[in-house]
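User: Could you walk me through reading the features of a protein model, one at a time? I would like the general idea and then the case at hand.

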Amino acid sequence: MSTRTLSRIGERSFILVMLAFFLLPFLWLASTAYKPSRDIFSIPPKLTFPPTFEQFATVFRLFDVWSLVSSSLLIAGGSVILSLLLGVPAGYALARSTSRYAIAVAYFFMAIRMVPAVAALIPFYLMMRDIGLLGSWVAVVLINAMLNSAFVTWMMFSYFRSLPKELEEAALTDGCTLFGSFWRVALPAVRSGVVASTLFCLMFSWNDFLYPMFLTRLDSKPISVALLSAYGTKDITWGTLGALAHFSTIPIVLIVLFLNRYFVQGLTKGIH
C-alpha cells in the first residue's frame, strides 16, 4: 500500500473511533427507552432484546409531553427571534463604525456571553419577581435573549466586517436609504451568518436548564427541566430518562443536520 492510502485508512479509522467514543453513550441511553426495565442493567448486557414501548407509555402517563415540548419551542423560538432582532443590527452598526475600539467592543459582547449562568441568575430572578414575570417562560426568553444577542452581535460583526463597503455605497448611489442598503444588500449577503447565529442561539436556548429551572412554574417548564424528574431519591429511572431524551434531542439534532453547512461555516469564521 502507498503512504497516501495508509494515511487515509488511519485517518478514517481515527474518525470512526472518535465517533464511537462520543455516540456510544447516547446510543446506550436511547436504547434503554426500548428495553424492558429488567434488561437495562442485565449482566451480561443484552445487545439484542425484544423492543417495547412501555417506557414511552410511562412518560406519556406521568408527563404532559406536548406541553413540555411546546414550552421548549416557545422559549427557544422567542429567544432566537429577539436575539436576532437585537444582535444583527448591532453587529452591522459595529462593523461599519469608524472607531478604533470597534473590535474591542465586539470582544466585550463576546465576554458577556461567557458570564457564568449562575452569576446572572440571582439579580435577574429578583428583577423578574419585582416586575411580575417570575414563573413564566417570558422571563427565560428575556434572559436568554440578553445573553444570546451579545453573541449574535459578536458573530454578525465578523460577517458584516468581511463584506465590502462598496456594495452598500453602490446601493446608496442608486438611491437606497441607509436602512435600504442594509436590508436589501448587506443582510442578504450574510445570510449564512444569520442562519449560523440562529442555530447557535437555538442550541443555547433549547438546552438551557438553569434558568428554566428557577424562573418558570410547573406548567411552563420545558423538556430540559423535565429530564430531572428521572432522578429519584434512591435511584435513576433510566428507561424514563431515555424516553424523555428522545423528545429533547431529536428536534434540535434534525435542525442542525438540515442546516449543517451553515453551522460549520459559523464555527470556522472569526473576528478579523
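Analyst: Happy to. Let's start with one residue: Thr32 sits in helix α1 (residues 3–32), where helices (H or I, at least four residues) and strands (E, at least two) are DSSP runs numbered from the N terminus. This is a predicted model, in which local features need pLDDT of at least 70 and side-chain atom pairs count only at pLDDT 80 or more, while totals for chains, interfaces and linings use all residues. Residues are numbered from 1 along each chain as its sequence is written, and side-chain values use heavy atoms, with hydrogens and water left out.

User: Is Thr32 buried or exposed, and which residues does Thr32 touch?

Analyst: Buried means under 20% relative accessible area, exposed means over 50%, and partly exposed lies in between (1.4 Å probe, protein chains only). Thr32 has a relative accessible area of 0%, so it is buried. Contact means heavy atoms within 4.5 Å. Not counting residues up to four places away in sequence, Thr32 touches Ile40, Gln55, Trp238, Gly239 and Gly242.

User: How many helices and strands does the whole chain have?

Analyst: The protein chain has 13 helices and zero strands. Its C-alpha trace spans about 75 × 70 × 30 Å along the principal axes, and buried residues make up 41% of the 272 residues. Among the contacts with a separation of 6 or more, 74% join residues 24 or more positions apart.

User: What span should helix α9 have, and what is the distance between its end C-alpha atoms?

Analyst: The expected span of a helix is 1.5 Å times one less than its number of residues. Helix α9 (residues 191–206) has 16 residues and should span 22 Å, and its end C-alpha atoms are 22 Å apart, which agrees. In α9, 12 of the 16 residues are buried, so the helix is largely enclosed by the rest of the structure. Leu199 is found in this helix and counts as buried because its relative accessibility is 2%.

User: How do I read the interface between domain 1 and domain 2?

Analyst: The size of an interface is often given as the accessible area lost when the parts come together. Here the bounds, which come from an automatic or database domain assignment, give domain 1 (3–51) and domain 2 (63–269). The contact takes nine residues from domain 1 and eight residues from domain 2. Buried area is the accessible area (1.4 Å probe) that two parts lose on being put together, summed over both. The two domains bury about 610 Å² between them, 80% of it on carbon and sulfur atoms. Phe26, Leu29 and Ala33 supply 49% of the area that domain 1 buries against domain 2, more than any other three residues.

User: How many salt bridges does the structure hold?

Analyst: Side chains of opposite charge can pair when their charged atoms come close. The rule asks for a side-chain nitrogen of Lys or Arg within 4 Å of a carboxyl oxygen of Asp or Glu. The structure holds three salt bridges, but there are zero across the interface of domain 1 and domain 2. One of the three joins Glu168 and Arg96 (2.6 Å, N to O). Glu168 lies in helix α7 (residues 165–173) and Arg96 in the loop between α3 (65–95) and α4 (102–113), so the pair ties together parts that are 72 residues apart in sequence. At 6% relative accessibility, Glu168 is buried.

User: And where do the Asp219 and Arg217 side chains fall, buried or exposed?

Analyst: Asp219 forms a salt bridge with Arg217, with the closest N and O atoms 3.5 Å apart. Asp219 is exposed at 52% relative accessible area, whereas Arg217 is partly exposed at 46%.
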